[in-house]
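Please examine the sequence and the structure shown below before reading on. The paragraphs after them form a guided reading of the fold.

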Amino acid sequence: MSKLTKNQKLAAQKVEAGKAYSLKEASQLVKEITFTKFDASVDIDVRLGVDPRKANQMVRGVVSLPNGTGKQVRVLCLCTPDAEAAAKEAGADYVGLDEYVEKIKGGWTDVDVIITMPSIMGKIGALGRILGPRGLMPNPKSGTVTMDVAKAVKEIKQGKIDFKVDKTGIVHTSIGKVSFTPEQIYGNAKEFMATIMKLKPSAAKGTYVKSIYLSSTMSKGVKVDPKSVVEN
């Protein structure tokens, strides 16, 4: 069995095994137990009491994190010429249509989010085989297919993220960076959990939020008491 490193020992001393912390406490702890030399992401994992195989129990949504994600999100806006100037002004990294459709057909997917318009989806539908597996396919439910592309670009740049429960019933996403203050991490986590609560399917029976963990890219998970989310 490998020995614990000095930092792993320090982390073990700070996080009590089996203890569930309040969301506010966990937001502080996840910073204290992260020793990476880079600015690690702060992730949240929520296990839900739903059956994702059933359409009426699918949990999917979008949330605007009040303190942003801390990431530089690369946005491609596929739009008509009359919307290009507004998209660029809103902060889109790449703006255009046919030339980017051809680039994607050639295998280029060096972006984080693609935003487009309903009238253009006919052209983009053919790219589903490439974009789908990478989670880049625009979708009206996530707000990435819209007439107001400039607004969508601005929201994404400011910290809007979309998420959905996976086949095991877990929602996993990043909600910030370790360089954030504990208050910023808490604010983002609280907003994310408030959105999760609003999305509870009426068909879901029993305990809806089974467990919550906060962690950073290379830290152990900090267990959060679900009651602290409901009460705060």
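The text that follows moves from the overall architecture to a sheet, a pocket and selected residues.

This is a predicted model, in which local features need pLDDT of at least 70, side-chain atom pairs count only at pLDDT 80 or more, and totals for chains, interfaces and linings use all residues. Residues are numbered from 1 along each chain as its sequence is written, and side-chain values use heavy atoms, with hydrogens and water left out.

The protein contains 9 helices and 9 strands; helices (H or I, at least four residues) and strands (E, at least two) are DSSP runs, numbered from the N terminus. Its C-alpha trace spans about 55 × 45 × 35 Å along the principal axes. Of the 232 residues in the protein, 46% are buried, where buried means under 20% relative accessible area, exposed over 50%, and partly exposed in between, with a 1.4 Å probe and protein chains only. Among contacts with a separation of 6 or more, 74% are between residues 24 or more positions apart; a contact means heavy atoms within 4.5 Å.

One sheet offers a convenient entry point. It is open, is formed by 3 strands in the order 4-3-5, and has parallel pairing. Because strand 4 (94-96) and strand 5 (113-116) each have a single partner strand, they stand at the edges, and one side of each is left without a neighbour in the sheet. Neighbouring strands of this sheet are turned by 15 degrees against each other on average, direction ignored. Such angles run from 0 to 180 degrees between N-to-C directions, and the axes are lines fitted to C-alpha atoms, for helices over the stretch in contact. Strands of a sheet pair through backbone hydrogen bonds, either parallel or antiparallel; here, two strands pair if DSSP finds at least two bridges between them.

Strand 3 (residues 75-78) runs parallel to strand 5 and is joined to strand 5 by 4 bridges. The bridge partner of Leu 76 is Ile 114 in strand 5, and that of Leu 78 is Thr 116. Helix 4 (residues 98-105) packs on the sheet and touches strand 3, strand 4 and strand 5, with a direction about 115 degrees from that of strand 4. Within strand 5, Val 113 and Ile 115 point one way while Ile 114 and Thr 116 point the other, and all are buried.

Helix 7 (residues 149-158) includes Val 153, which counts as buried because its relative accessibility is 0%. Beyond its neighbours within four places in sequence, Val 153 is in contact with Val 75, Cys 77, Ala 87, Ala 90, Gly 91, Ala 92 and Ile 115.

Which residues lie closest to the centre of the largest pocket? They are Asp 112, Val 113, Gly 135, Asp 162 and Phe 163, out of 25 residues that line the pocket. The space in this pocket is about 760 Å³. A pocket is an open set of points on a 1 Å grid over the protein atoms alone, where a 1.4 Å probe fits, with protein on both sides within 12 Å along at least five of seven lines; lining residues have an atom within 4 Å of a point. Strand 5, strand 6 (160-164) and strand 7 (170-177) each supply at least two lining residues, and strand 6 provides the largest share, 5 residues. The lining divides into 8 nonpolar, 10 polar and 7 charged residues. In this grouping Ala, Val, Leu, Ile, Met, Phe, Trp, Tyr, Cys and Pro count as nonpolar, Asp, Glu, Lys and Arg as charged, and the others, Gly among them, as polar.

Strand 6 also pairs with strand 2, in the antiparallel sense and over 5 bridges. Strand 2 (residues 60-64) holds Gly 61, which stands opposite Phe 163 in strand 6. Gly 61 is buried because its relative accessible area is 10%. Together with Val 63, Gly 61 makes up the covered face of strand 2, whereas Arg 60, Val 62 and Ser 64 form the uncovered one. Leaving out residues up to four places away in sequence, Gly 61 touches Ile 161, Asp 162, Phe 163 and Leu 199. Gly 61 and Lys 164 are 103 residues apart along the chain, yet their C-alpha atoms are separated by 6.4 Å.

Finally, Ser 211 lies in strand 8 (residues 209-216) and counts as buried, at 17% relative accessibility. With residues up to four places away in sequence not counted, Ser 211 touches Asp 45, Val 46 and Arg 47.

Key:
Points joined across faces, edges and corners; volume = space filled by probe spheres on them.
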